Amino acid sequence: MHLLFSIRALKGAKGADLEISAPVGICLTADDGKTLGELNQEGERVLVAKGGTGGSLHSEFLPSKGQARHIRLDLRLIADLGLVGFPNAGKSSLLTALSHATPQIASYPFTTLRPEIGKVMYDDHKQVSVADLPGLIEGAHMNRGMGHKFLKHVERTKQLMFVVDVCGFQLATNTPFRSAFEAVQLLTKELELYKEELLSKPAILVVNKMDLPEAEEKLGELQNQLENQEELSQLLPEDMVPKSFLHFKHTVPVSSLTGLGLPHLKAVIRESLEEQEALESERHRIEKLQELRREIPVVSKTTWGQRRSKPLNWN
Ligand SMILES: Nc1nc2c(ncn2[C@@H]2O[C@H](COP(=O)(O)OP(=O)(O)OP(=O)(O)O)[C@@H](O)[C@H]2O)c(=O)[nH]1
Ligand SMILES: [Mg+2]
C-alpha cells in the first residue's frame with residue numbers, strides 16, 4: 001500500500017525545513033526515486049523538504065521559496081513471520097489452516113496478489129502474526145513477477161517461513177521443473193540478490209503437500225539433500241546457487257489440506273520466536289553492560305598501589 005502527496009516547505013531560514021514523523025514501518029521516496037528515509041522507530045523524523053533561505057543583503061532581503069516535492073509513502077508490512085515460496089506452494093492454504101485468515105486459494109499461480117496477515121492463536125492467548133505474501137518467481141530481484149513489491153515486505157518480518165511443495169514446482173510448460181531442493185536454493189538466491197541481510201533472519205522450512213503420493217520418499221530425499229547442500233549445489237547451474245546456504249533450524253513436513261503436522265508447526269513457530277526474543281534481550285543486556293563499563297572509569301593497579309603505599313594517618 002502506498003500514499004502519494006505533494007508538499008512545499010515554508011519560506012524563511014532555519015526551522016522552516018519540513019520533517020515527517022509517522023507510524024513505524026513507513027518508507028519515504030521522492031519523485032526522482034531517491035529514498036529519503038525510513039521510519040523504523042517510534043518518534044523518528046525524516047527531512048523531506050528543505051526550507052527556503054531567509055532574506056539577506058545578498059538577496060535584497062527577499063526570502064526564497066522552500067523545496068517542493070512529491071513524496072511517496074510506502075507502508076511496509078510488519079509481521080512476526082513472512083511466508084516465502086514459489087506460487088502454488090500452498091502458502092495461503094497454510095495460513096488458512098493455521099489462523100482465522102481467509103486468503104484466496106486456487107490451483108493456479110499468483111492467486112495471492114497482495115499481502116494478508118493472519119493471527120495464529122495459542123491456548124494461553126498468545127498471538128503470532130503471519131504474513132501471506134504473493135508467490136516469488138525466479139528473477140524477482142530484477143522485479144520479475146511481483147518482484148520488489150513482494151520482497152520489501154519480507155524485510156519487515158522477524159523470521160522467514162519458506163514453504164515448498166514436496167513434489168516440486170513448475171510455473172508453466174515452457175519453464176523448467178524445480179524440485180523442492182532446487183526451490184529452496186532458488187528462493188534463497190532471490191532473497192540474497194535482493195538484500196543479503198534478509199538471510200540473517202531465522203528461517204523455518206515448511207514442506208507442504210505431504211498428503212500427496214510419494215511425499216514421504218521425496219521428503220527423505222530433500223532432507224538428505226539439505227544435509228549435503230554445499231556439495232550437491234555444485235551440480236546445479238552457477239546462477240541458481242546462493243553464496244551462502246540457509247541452515248533451517250526446523251524443517252517441518254505438513255499438509256495444509258489434511259492438517260497433518262500443523263500442531264507441531266505451531267509449536268515450532270512459537271519456540272523459534274521465543275528463542276529469538278531471548279537471544280535479542282541477552283544481546284541487549286550485554287550491550288548495556290559494555291556501555292556501562294565504558295562509562296565507569298577503571299582504577300588502575302598502580303593508582304591503588306600508590307594509594308596504599310601512602311602512610312596511614314591514625315590521628
Ligand atoms: N494436495 C494438497 N494440495 C494443497 C495443499 N496445500 C495447498 N494445496 C493446493 O495447492 C494449490 C495452491 O494453493 P495456494 O494456497 O493458493 O498456494 P499459494 O502458495 O498461496 O499460491 P500463490 O498465492 O499463487 O503464491 C491449491 O489448489 C491448494 O488447494 C496440501 O497440503 N496438499
Ligand atoms: Mg497465495
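# A walk through the chain, from a loop to the core

Let's start out at the surface: H125 has just 6 other C-beta atoms within 10 Å, so H125 is exposed. You'll find H125 in the loop between β8 and β9. The backbone does something a little unusual to look for here, with a phi near 70 degrees, a positive value in a residue other than glycine. Keep in mind as you look around that this is a predicted model.

Now hop along to K209, which also has a positive phi, about 70 degrees, although K209 is not a glycine. K209 sits in a loop too, the one between β11 and α4 (215-227). Is K209 buried or exposed? With 24 C-beta neighbours inside 10 Å, K209 counts as buried, because the cut-off for that is 20 or more.

Time to step back and take in the whole chain. There are 7 helices and 12 strands to find your way around. The chain runs to 315 residues, and 30% of them count as buried. Take the contacts with a separation of 6 or more: 65% of these join residues 24 or more positions apart. The domain assignment splits things into domain 1, covering 2-75, and domain 2, covering 79-274. Measure between the C-alpha centres of domain 1 and domain 2 on your screen and you should get 39 Å.

On to the inside. The largest nonpolar core takes in 48 residues, and F162 and V206 are the ones with the most contacts inside it. Several elements give two or more residues to this core: the strands β7 (79-84), β9 (127-132), β10 (157-165) and β11 (203-208), along with the helices α1 (91-98), α2 (147-154), α3 (180-194) and α6 (262-295). The largest share, 8 residues, comes from α3. To get a feel for the core, try standing at V206. Setting aside neighbours within four places in sequence, V206 is in contact with L94, M161, F162, V163, V252, V254 and L265.

Since α3 gives so much to the core, let's look at that helix itself. How many of the 15 residues of α3 are buried? The count is 12, so α3 is largely enclosed by the rest of the structure. Among the buried ones are A180, F181, A183, V184, L186, L187 and L191, and also Q185, T188, K189 and E190. The length of α3 works out as well: at 1.5 Å a residue, its 15 residues should span 21 Å, and the end C-alpha atoms are 21 Å apart, which agrees.

Helix α1 is mostly covered too, with 6 of its 8 residues buried. Those are K91, S92, S93, L94, L95 and L98. What does the covering? The cover over these buried residues includes β7, β8, β9, β10, β11 and α6. Helix α1 also turns up around ligand 1, where it gives the most to the shell, 3 residues. In total, 24 residues surround ligand 1, and the closest are G90, S92, S107, T112 and G135. Sorted by class, that shell holds 9 nonpolar, 12 polar and 3 charged residues.

Follow the chain out of α1 and you come to A101, in the loop between α1 and β8 (116-121). A101 has 18 C-beta neighbours inside 10 Å, so A101 counts as partly exposed. Leaving out neighbours within four places in sequence, A101 is in contact with L95, T96, E116, G118 and D132. Take E116 from that list: E116 and A101 are 15 residues apart along the chain, yet their C-alpha atoms are separated by 7.9 Å.

Our last stop is around the start of α6. G261 lies in the loop between β12 (250-253) and α6. G261 is partly exposed, because 18 other C-beta atoms lie within 10 Å. Apart from neighbours within four places in sequence, G261 is in contact with M210, V252, P253, V254 and S255. Look across to V164 and you'll see a residue 97 positions away in sequence but 15 Å away in space, C-alpha to C-alpha.

Then there's H264, which has its place in helix α6. H264 counts as partly exposed, because it has 13 C-beta neighbours inside 10 Å. H264 and V252 are 12 residues apart along the chain, and 7.8 Å separates their C-alpha atoms.

Definitions and conventions: Residues numbered from 1 in each chain as written. Chains lettered and ligands numbered in written order. Predicted model: local features only at pLDDT ≥ 70, side-chain atom pairs only at ≥ 80, totals over all residues. Core = buried A, V, L, I, M, F, W, Y, C linked by C-beta atoms within 7 Å. Helix = DSSP H or I, 4+ residues; strand = E, 2+ residues; numbered from the N terminus. Contact = placed C-beta atoms within 7 Å. Near = placed C-beta within 6 Å. Nonpolar A, V, L, I, M, F, W, Y, C, P; charged D, E, K, R; others polar. Domains from an automatic or database assignment. Expected span 1.5 Å × (residues − 1).
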